[in-house]
Amino acid sequence: MMKKKELLNLVNRPEMILGIYNYCDRWCERCDFTNRCANFAIGEENFSKSGEDSNNKAFWDELHNVFQLTMEMILESAEKHGIDLNDIDTEKYEEERKQLNELTNAHECAYLSKDYYTYVNDWFDATEDLIEEKKESWKTNARIGLSEDDIVKEVGHLNDIIDVIRWYQYQIHVKLKRAIHGKLDDANEPPDEYPKDSDGFAKVALIGMDRSIAAWGKMLPLFPIKEDVIFKILVLLEKLKRRTEKEFLDARSFVRAGFDD
Ligand code: SF4
């Protein structure tokens, strides 16, 4: 089991980029920075040893271990900064959170992004058979000249498009809600010149939208019969993108550690 000292050594390795994981899309498989990310390293250190099997007792034991180490560090940090963790007006806090959540859910970016992930699910439900037919047709075409490599490439291309759409489908909504929530929360604080978390989360959502738009663009020629619905989805995404850029004027220029600097 990992000890606190080992955890700190790992996080403080010189090659690590501080906070890189705060504004990433969590797609570690496709990330160029796995060797500079403490979050990834901790995951590898703990979970690769336990087989990544969610039914595996070792997996949950390791997770519990990281939880305990993190709690220890929170308590130490609170003590160091003179913060009394019990000094919370729970009722007032709950009421404020409830109001913020309601305002967040009612925001146009929140419900448009919810519409988006619903449309995506509907599209895949309605197109499932067609996607399989398409893959089968490539295999059949092997008999009329398409090489094995071509088929692998075509199927891989389609799978990549689907992966991109599916990866960002819910993430756009989640990140936007965090951004809206953060912005509403910040409105109660005195203004300062520091970059806003809300812009960082909005930027991650915008990147997800850009990539999803590109992926749907690649989907279009593959399924011309579904053109109308794909255009409807693209129009929704474009509308969401514009609304987000209008709401978070500094999001595009927000500098994410590692990715943008
Ligand atoms: S920065 Fe990259 S490696 Fe780290 S959590 Fe994000 S996607 Fe994964």
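In which loop is R26 found? In this predicted model, R26 is found in the loop between helix 1 (4–11) and helix 2, and the legends below return to this residue after a view of the whole chain.

**Figure 1. Overall view of the predicted model.** The secondary structure of the protein comes to eight helices and zero strands, and from the N terminus on the elements run α-α-α-α-α-α-α-α. Taken along the principal axes, the C-alpha atoms of the protein fill a box of roughly 75 × 45 × 35 Å. The protein has 261 residues, of which 36% count as buried.

**Figure 2. Close-up of the largest pocket and its lining.** The largest pocket has a volume of about 410 Å³ and is lined by 23 residues, of which D25, R30, C31, R211 and F259 lie nearest its centre. The elements that give two or more residues to this lining are helix 2 (38–48), helix 6 (148–186) and helix 7 (197–219), and helix 7 gives the most, with three residues. By class, the lining of the largest pocket divides into 15 nonpolar, two polar and six charged residues. Because domain 1 (4–80) and domain 2 (91–247) both give residues to the lining, the largest pocket lies between these two domains.

**Figure 3. Close-up of the ligand and the residues around it.** The ligand sits in the largest pocket, and the residues around the ligand are Y21, C24, R26, W27, C28, C31, T34, C37, N39, F40 and F259. The shell around the ligand divides into eight nonpolar residues, two polar residues and one charged residue. Two names in this shell, C31 and F259, also appear among the residues that lie nearest the centre of the largest pocket.

**Figure 4. Close-up of R26 in its loop.** R26, one of the residues around the ligand, is found in the loop between helix 1 (4–11) and helix 2. The phi angle of R26 is near 65°, which is a positive value in a residue other than glycine. Is R26 buried or partly exposed? R26 counts as partly exposed because its relative accessibility is 40%, a value that falls between the limits of 20% for buried and 50% for exposed.

**Figure 5. Close-up of the second largest pocket.** The second largest pocket has a volume of about 160 Å³, and the residues that line this pocket are D186, A187, E189, P190, P191, D192, Y194, P195 and K196. When these lining residues are sorted by class, five are nonpolar and four are charged, while no polar residue is present.

**Figure 6. Close-up of A215 in helix 7.** The place of A215 is in helix 7, the element that gives the most residues to the lining of the largest pocket. With a relative accessible area of 4%, A215 is buried. Along the chain A215 and D160 are 55 residues apart, and their C-alpha atoms are separated by 8.6 Å.

**Figure 7. Close-up of I180 in helix 6.** I180 lies in helix 6, one of the elements that give two or more residues to the lining of the largest pocket. I180 counts as buried because its relative accessibility is 3%, where buried means under 20%. The C-alpha atoms of I180 and H107 are separated by 7.7 Å, although these two residues are 73 residues apart along the chain.

Notes. Residues numbered from 1 in each chain as written. Predicted model: local features only at pLDDT ≥ 70, side-chain atom pairs only at ≥ 80, totals over all residues. Heavy atoms only, no water. 1 Å grid on protein atoms, 1.4 Å probe; cavity = no way out; pocket = protein on both sides within 12 Å on 5 of 7 lines; lining within 4 Å. Points joined across faces, edges and corners; volume = space filled by probe spheres on them. Helix = DSSP H or I, 4+ residues; strand = E, 2+ residues; numbered from the N terminus. Nonpolar A, V, L, I, M, F, W, Y, C, P; charged D, E, K, R; others polar. Domains from an automatic or database assignment. Near = heavy atom within 4 Å. Sits in = over half its atoms within 2 Å of the grid points. Buried < 20%, exposed > 50% of the residue type's maximum accessible area, 1.4 Å probe, protein only.
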